[in-house]
Amino acid sequence: MLSYRHIYHAGNHADILKHLVVSQICRHFVKKEAPFFYLDTHSGIGMYELASDQAQLNKEFDTGISKLMSDDQLPEPLQQYKEIVKSFNPNDQLEVYPGSPKVVDYYTRQKDKLHLCELHPNDYLLLASMFPKKRKANVVKENGFGAVKSMLPPPQKRGFVLMDPPYEVKKDYQDVVTALQDGHKRFSQGTYAVWYPVLNRRQADSLLNAVEQTKIRNVLLLELCIRETEEKRGMAGSGMIIVNPPWTLEKEAQEFMPYLQNTLAETPDAHFQIKWITPE
């Protein structure tokens, strides 16, 4: 269960969708003066060196983030996300790619609080070195599904929870729905974002149906597939399930999802969907 290392996939199409949504949620939170709490259940290492042997193995960033960095005509949400990536690459060379903790950290203020979970022992140490100040970010070596119970509701009363397990084992599909239910019971006004891979249509739809069956309201789905989902060539796409999304996100997605489909498509079968799993 500890074999998954995200650095092999850093900056790919799934990262772009995930981190774009994370960026837009954070932009919404910092519009208000009140502090907010961020919980990341599977944080990774925080920052990915694209020159590393692991990232260079498949160079997934070449068909992902690199395409956005070379385009000066991006929809506004993507331009804002691009500015975050550029802020970590001051020499105008794409050398590192920020993971979700660093995307959130770009927005957070002194009064905001991060709780970052990472179970892999090596990745935990790298993540902890990225966030040495415990007053700002609490980095713990644990599976973050447990933190959903222990950390919610937060004292800040405003919060955002990102759940993106590796789905290496089938139990992750069950555990992420259970954690979503647990979190929502404790902190119903919080925003939750669940990332999932599209390895095949049946498996993805099974997860979406399980979320619908929770009866949680106000759940938006954004999904991007860069090729036909039934080709047996690994991850064809990914999606984000967002509970209590920013009210502007659906409209923004109608602008950036067609762009992502056109720009990141591997085949003419690329497609996306924007829909409400359950309305408010």
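## Exercises on a predicted model

In this predicted model, a polar atom of the Glu118 side chain lies 2.7 Å from the backbone nitrogen of Gly44.

**Exercise 1. Place Glu118 and decide: buried or exposed?**

Step 1. Find the element. Glu118 sits in the loop between strand E4 (113-117) and helix H6 (121-130).

Step 2. Check accessibility. Glu118 has 10% relative accessibility. The cut-off for buried is under 20%, so Glu118 counts as buried.

Step 3. List the contacts, leaving aside neighbours within four places in sequence. Glu118 is in contact with His42, Ser43, Gly44, Asp123, Tyr124, Leu127, Val140, Lys141 and Glu142.

Step 4. Consult the record. The unreviewed UniProt entry includes Glu118 and His42 in its "binding site" annotation.

**Exercise 2. Which residues does His19 touch, not counting those up to four places away in sequence?**

Step 1. Locate the residue. His19 is in helix H1.

Step 2. Check accessibility. His19 counts as buried because its relative accessibility is 2%.

Step 3. Read off the contacts. His19 touches Tyr81, Tyr97, Pro98, Gly99, Ser100 and Val103.

Step 4. Compare with the record. The UniProt "binding site" annotation (unreviewed entry) covers, among others, His19 and Ser100.

**Exercise 3. Which residues of the largest nonpolar core touch the most other members?**

Step 1. Take the core. It has 84 residues. Nonpolar side chains tend to be buried together in soluble globular proteins.

Step 2. Name the residues. Leu78, Met163, Ile241 and Leu260 touch the most other members.

Step 3. Find the main contributor. Helix H1 (residues 13-29) gives the most to this core, with nine residues.

Step 4. Follow Leu78. Not counting residues up to four places away in sequence, Leu78 touches Ile16, Leu20, Leu68, Phe256, Tyr259 and Leu260.

Conventions. Residues numbered from 1 in each chain as written. Predicted model: local features only at pLDDT ≥ 70, side-chain atom pairs only at ≥ 80, totals over all residues. Heavy atoms only, no water. Core = buried A, V, L, I, M, F, W, Y, C linked by side-chain atoms within 4.5 Å. Buried < 20%, exposed > 50% of the residue type's maximum accessible area, 1.4 Å probe, protein only. Helix = DSSP H or I, 4+ residues; strand = E, 2+ residues; numbered from the N terminus. Contact = heavy atoms within 4.5 Å. UniProt positions renumbered as here; feature names shortened; annotations may be inferred. Polar contact = N/O pair within 3.5 Å; in protein donor to acceptor, adjacent residues only side chain to side chain.
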